[in-house]
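Got your viewer open and a few minutes to spare? Let's take a walk through this one, stop by stop, with something to select at each step.

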Amino acid sequence: MSEHYHFIGIGGIGMSGLARLLLHKKKCVSGSDIAFNYTIEGLAKAGAIIHKGQAAENISAKMTVVYSSDIKPDNPEYQTAIQLQCALLHRSDLLVSLIGQYRSLAVAGTHGKTTTSSLLATVLVEAGLDPSFAVGGMLPEFQSNSRFGEGDLFAFEADESDRTFLKYHPFGAIVTNIDNDHLNNYEGSESLLIESFNTFMSQVASPDHLIWCGDDLHLRRLNRPGQRYGFSPDCEWVISNVRQDGFQVVFDLKGKEKKYSDIVLNLIGTHNALNAAAVFALSITLGIPEGAIRQTFKSFKGVLRRCEKKGEINNILFVDDYAHHPTEISATLKGLRLAVPNKRLIAVFQPHRYSRTKDCLGQYGNIFDAADELIVTDIYGAGETPIAGLSHELIIQEIQQSSPLSCQYVSRPALSHKLSEMIRPDDVIITLGAGDVTKVAGETLALLSRLPGY
């Protein structure tokens, strides 16, 4: 393969991380994307050649062209790469080649991968192990989603959404859960999804370093060799006494014939206590000192777009979260409610992808109940073709039939204006979704700053 790598869709979180790793290796990197963002700006500063828009002229012979599962066969750059007989490399295959020389530690699961892998990577760094990592979110502490280190460990996310996690044979792994997401890539079959996780777990080289959630019914049925974590008393690592202290969660953990009391994690929610327990268990198994783990948990700066505080004005707090599946949304809202128990909580939900929305119908009814007000906006298609008869209206109907929660529809362009009309001092607004709803906080803050009284 050539020394020039071109990424189709370089701004994607997974693609940008790999591009950063190649830049670190002093490779020539170029890429294209439809729109620019802070991720692309960072890559340009690091030396990448960036093209706005995707066009045939961006591709030249002898490039290695990297693509993801989101790239359609008729993409002009993909088509030109085939015509010019360029080496074509799926994102996952590039990652396989990059982790090959390391003791790799994969984090898999339908929910929680990014937070868990990011926390694991940060523990490894702070413990002085100088690891490499590639995760699905930007870490404020490193201002990056990837790095190369001199140590022998490489922490990364193993993505089940397109079944590419089956390409990895890691030294160790964490598996957080199995849920019915991305079934369009599993022939609509939950059993095929579960069997794929079984195959992935069987490929972990060291069962002693395979940490999986003993509370997850699907994982319990698979019952792979390894160490279980969770609230279930038969787990090797048992969580107890979880409590919320503002925007921190505190819990006890018992494992390896020892009780670790009052572990403080600088995140919210029981779901993150679970994620942290997995990282704690793997870190102890790797021989990392307890004190180093605790210190990292307490100072962890989180991940952008995971309950990220976007700004505050007139005691009105804006929070943004990537949660877009019902399980994730419910967990996030419950955690945030514990963090702000006495404030009015307004949730703004942007459904993500038509296929996911269809698969999740029947699961929306009560998931927003921790909020006081709910706004549902238009489905963010993410390039998918709309499904006839499927819209935000079905979600709202489902919620209204199951929950007393006040729920209304507001179009995406009108969100900031509507919020500026309805919010009051001391409110907390959380935007939920994997699409452009993340921009709503900034749009609303800018609008409010121009109004009298703010």
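A nonpolar core is a set of buried Ala, Val, Leu, Ile, Met, Phe, Trp, Tyr and Cys residues joined through side-chain atoms within 4.5 Å. Keep in mind as you click around that this is a predicted model.

**Stop 1: the cores**

Start by selecting Phe7, Leu94, Phe154, Phe200, Tyr229, Phe280 and Phe297. They have the most contacts inside the largest nonpolar core, which has 86 residues. Now add helix H8, residues 270-285: this helix gives the most to that core, with ten residues. Apart from it lies another core, of 28 residues; to find it, pick Leu336, Val340, Ile395 and Leu405, which are among its members.

**Stop 2: two helices that cross**

Next, show helix H1 (residues 13-24) together with helix H4 (residues 91-99). Their axes are 11 Å apart, and the helices pack at an angle of about 40°. H1 passes H4 in a left-handed crossing. To see who does the touching, display Gly14, Met15, Leu18, Leu21 and Leu22 on H1, then Arg91, Leu94, Leu95 and Leu98 on H4. Sorted by class, this contact has seven nonpolar residues, one polar and one charged. You have already met Leu94 at the previous stop, on the list for the largest core.

**Stop 3: the ten-strand sheet**

Colour the strands and look for an open sheet of ten, in the order E8-E7-E9-E6-E10-E11-E12-E13-E14-E15, with mixed pairing. Its edges are E8 and strand E15 (258-265), each of which pairs on one side only. On average, and ignoring direction, neighbouring strands here are turned by 20° against each other.

Zoom in on the E8 edge. How many bridges pair strand E7 (residues 132-139) with strand E8 (residues 144-147)? There are three, and the pairing is antiparallel. Click Phe133 and you'll find Arg147 of E8 standing opposite. E7 and E8 form a hairpin with four residues between them, and Gln143 in the turn has a positive phi of about 50°.

Then move along to strand E13 (residues 237-245) and strand E14 (residues 248-255). These run antiparallel and are joined by six bridges. Select Ser240, and opposite stands Asp252 in E14.

Before leaving this sheet, switch on helix H5, residues 113-126. H5 lies across strand E6 (103-108), E7, E8, strand E9 (153-157), strand E10 (172-175) and E15, and runs at about 130° to E7.

**Stop 4: Asp215**

Centre the view on Asp215, in the loop between strand E11 (210-213) and helix H7 (217-222). Is Asp215 buried or partly exposed? Its relative accessibility is 26%, so Asp215 counts as partly exposed. Leaving out residues up to four places away in sequence, Asp215 touches Tyr229, Gly230, Phe231, Ser232, Cys235 and Leu274. Tyr229 should ring a bell from the core list at the first stop. For a sense of scale, draw a line from Asp215 to Ala331: these residues are 116 apart in sequence and 15 Å apart in space, C-alpha to C-alpha.

**Stop 5: the six-strand sheet**

Now find the open sheet of six strands, in the order E16-E17-E21-E18-E19-E20, again with mixed pairing. Strand E16 (308-313) and strand E20 (406-409) are the edges, each pairing on one side only.

Select strand E18 (residues 345-349) and strand E21 (residues 428-432): they run parallel, joined by five bridges. Ala347 stands opposite Ile430 in E21. Then bring in the helices. Helix H12 (residues 392-402) packs on the sheet, touching E18, strand E19 (373-376) and E20, and its direction makes about 170° with that of E20. Helix H10 (residues 326-339) lies across strand E17 (316-321), E18 and E21, running at about 165° to E21.

**Stop 6: two loops with a twist in the backbone**

Most residues other than glycine have a negative phi. Select Arg353, in the loop between E18 and helix H11 (354-360), where phi is positive, near 70°. Arg353 has a relative accessible area of 19%, which is under 20%, so Arg353 is buried.

Finish at Asp426, in the loop between helix H13 (415-422) and E21. Asp426 is not a glycine, yet its phi is positive, about 80°. Unlike buried Arg353, Asp426 counts as partly exposed, at 38% relative accessibility.

Technical notes. Residues are numbered from 1 along each chain as its sequence is written. Side-chain values use heavy atoms; hydrogens and water are left out. Two strands pair if DSSP finds at least two bridges between them. Axes are lines fitted to C-alpha atoms, for helices over the stretch in contact, and angles run from 0 to 180 degrees between N-to-C directions. A crossing is left-handed if the near helix is turned anticlockwise from the far one by less than a right angle, and right-handed if clockwise. Contact means heavy atoms within 4.5 Å. Ala, Val, Leu, Ile, Met, Phe, Trp, Tyr, Cys and Pro count as nonpolar, Asp, Glu, Lys and Arg as charged, and the others, Gly among them, as polar. Buried means under 20% relative accessible area, exposed over 50%, partly exposed in between (1.4 Å probe, protein chains only).
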